[in-house]
Amino acid sequence: MSGMVNEVRPQGRDELNACVRIGALAPLTRPGWQEAGRHLLAGMELAAGEVNDAGGIEGRPLELVVRDTAADPHRAAAAVDELARLGVAALAGEYHSVVARAAATRADALGLPFLCASAVLDALTEQPTPWVARLAPAQSHGWRVYADFLLAAGHRRIVVAAEPSVYWASGIRILRDHLAPRGGTVTEVDMRGATPATVCDTLADRHATVLLLLVGHPEPAVSIVRSVRRDRRLAGTLIGAPAGQPEFAAWEESLGEDGAGIPFLRYLPERLGPLGARVGTALRERLDQAPSFVAFEGYDTVTVLAEVLRAHGADRAWTPESWAGVSVDGTRGRIDFSRVPDIGVWQWAWAPVQVVDRDPARPGRFRVLRTAGATAP
């Protein structure tokens, strides 16, 4: 069983009571990152199907009521309101941090449990909330791991090409705060008024050794990468993309060899355990390509929610402390939640973190450059 419902058809009370519903949020159309949304949803669907194959929730089938956020915070907030009216037991998913923040704010206001799969923005809500939990590591954790990778490789002068976004601005602040005490500098190029040529000139003028892409894909990321690769002044410049753009097949398709050797953050262990390996095989069949870490996040999200619903009841018999009792084997390690300083939601601290790039010799293969976090059982 897929466990997926795209649209809700009129149903009688008996039929409504016969199933347990989870609202699933994902960016499935542009300007959302569609490939990430597809992987996220594939993981959630696979987990929902396995829950149903194992007898559902208290003998009732689990259904996902899917809503496309299209990377739009207002659309996400409206979807949360709609899903609450439809009586979902909880919310799951979302990839884009700013969109997840809008969803989390509405979920908190409605007292509706929300397990965020992928968004990393530290301030997922303005105030601490008992209703929201998160699987992905906070941006301040993952991006510090990335900054340490740069420092260990001898890089101190860094340029960032950035588009306006709360998420990108937060990333720049984390990098500056972490690098400055260690002799590092971060120069920002605002892409609202800049071109790829501007980025190249800034790299050359500042004698920078690293360019970080805090921009969308395909554009302007593709044009910037190609310009830097072809500028003779910038031979040996490391291009990085901490937000994970090179993880997906579309990156290799659009850039080929130019897209290799660009380190990014990935939230997988060094080795998958038996559960992760089995799920990885099933996801590969479902996606017809290698699953990204986002697909594993989707699977773990629904698996955790199903366990909480079994433990606390499927009819919103949920208390704000329910997250504290979670202890579930996920694809990437044992998942439990705690309160982390300066993080306003219940947090898995932490999912494993890797710095990875595509192998220049074989761009379809990934190389693990640095690891932090647990190894999956």
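In the predicted model, helix 4 comprises 14 residues, 97–110. At 1.5 Å a residue, a helix of this length should span 20 Å, and the end C-alpha atoms of helix 4 are indeed 20 Å apart, so the expected and computed values agree. The buried residues of helix 4 are Ser97, Val99, Ala100, Ala102, Ala103, Ala104 and Ala107. These buried positions pack against four strands, namely strand 2 (20–26), strand 4 (90–93), strand 5 (114–116) and strand 6 (132–134), and against two helices, helix 3 (73–85) and helix 6. Just after helix 4, Gly111 adopts a positive phi of about 65°.

Helix 6, one of the elements against which the buried residues of helix 4 pack, is also packed with helix 5. Two packed helices are described by the angle between their axes and the distance between the axes. For helix 5 (residues 139–152) and helix 6 (residues 166–179), the angle is about 50° and the axes lie 9 Å apart. Helix 5 is therefore oblique to helix 6, the oblique class excluding both angles under 35 degrees and those of 65 to 115. The crossing of helix 5 over helix 6 is right-handed. On the side of helix 5, the contact is formed by Gln139, Ser140, Trp143, Arg144, Ala147, Asp148 and Leu151; helix 6 contributes Tyr167, Trp168, Ser170, Gly171, Ile174, Leu175, His178 and Leu179. By residue class, the contact of helix 5 with helix 6 consists of eight nonpolar, five polar and two charged residues.

Backbone geometry was examined next. Most residues other than glycine have a negative phi, and most peptide bonds are trans. Two cis peptide bonds occur in the loop between strand 9 (210–214) and helix 8 (221–230): one joins His217 and Pro218, and the other joins Glu219 and Pro220. Omega is about 10° for the bond between His217 and Pro218, and about 10° for that between Glu219 and Pro220.

Positive phi values in residues other than glycine are found at Ala70, where phi is near 50°, and at Asp342, where phi is near 70°. Ala70 belongs to the loop between strand 3 (62–68) and helix 3, whereas Asp342 is placed in the loop between strand 14 (338–339) and strand 15 (346–347). With a relative accessibility of 5%, Ala70 counts as buried, because the limit for burial is under 20%. Asp342, at 77% relative accessibility, counts as exposed, because this value is over 50%.

Conventions:
Residues numbered from 1 in each chain as written. Predicted model: local features only at pLDDT ≥ 70, side-chain atom pairs only at ≥ 80, totals over all residues. Heavy atoms only, no water. Axes fitted to C-alpha atoms, helices over the stretch in contact; angles between N-to-C directions. Parallel < 35°, antiparallel > 145°, perpendicular 65-115°, else oblique. Left-handed = near helix turned anticlockwise from the far one by under 90°. Contact = heavy atoms within 4.5 Å. Nonpolar A, V, L, I, M, F, W, Y, C, P; charged D, E, K, R; others polar. Expected span 1.5 Å × (residues − 1). Buried < 20%, exposed > 50% of the residue type's maximum accessible area, 1.4 Å probe, protein only.
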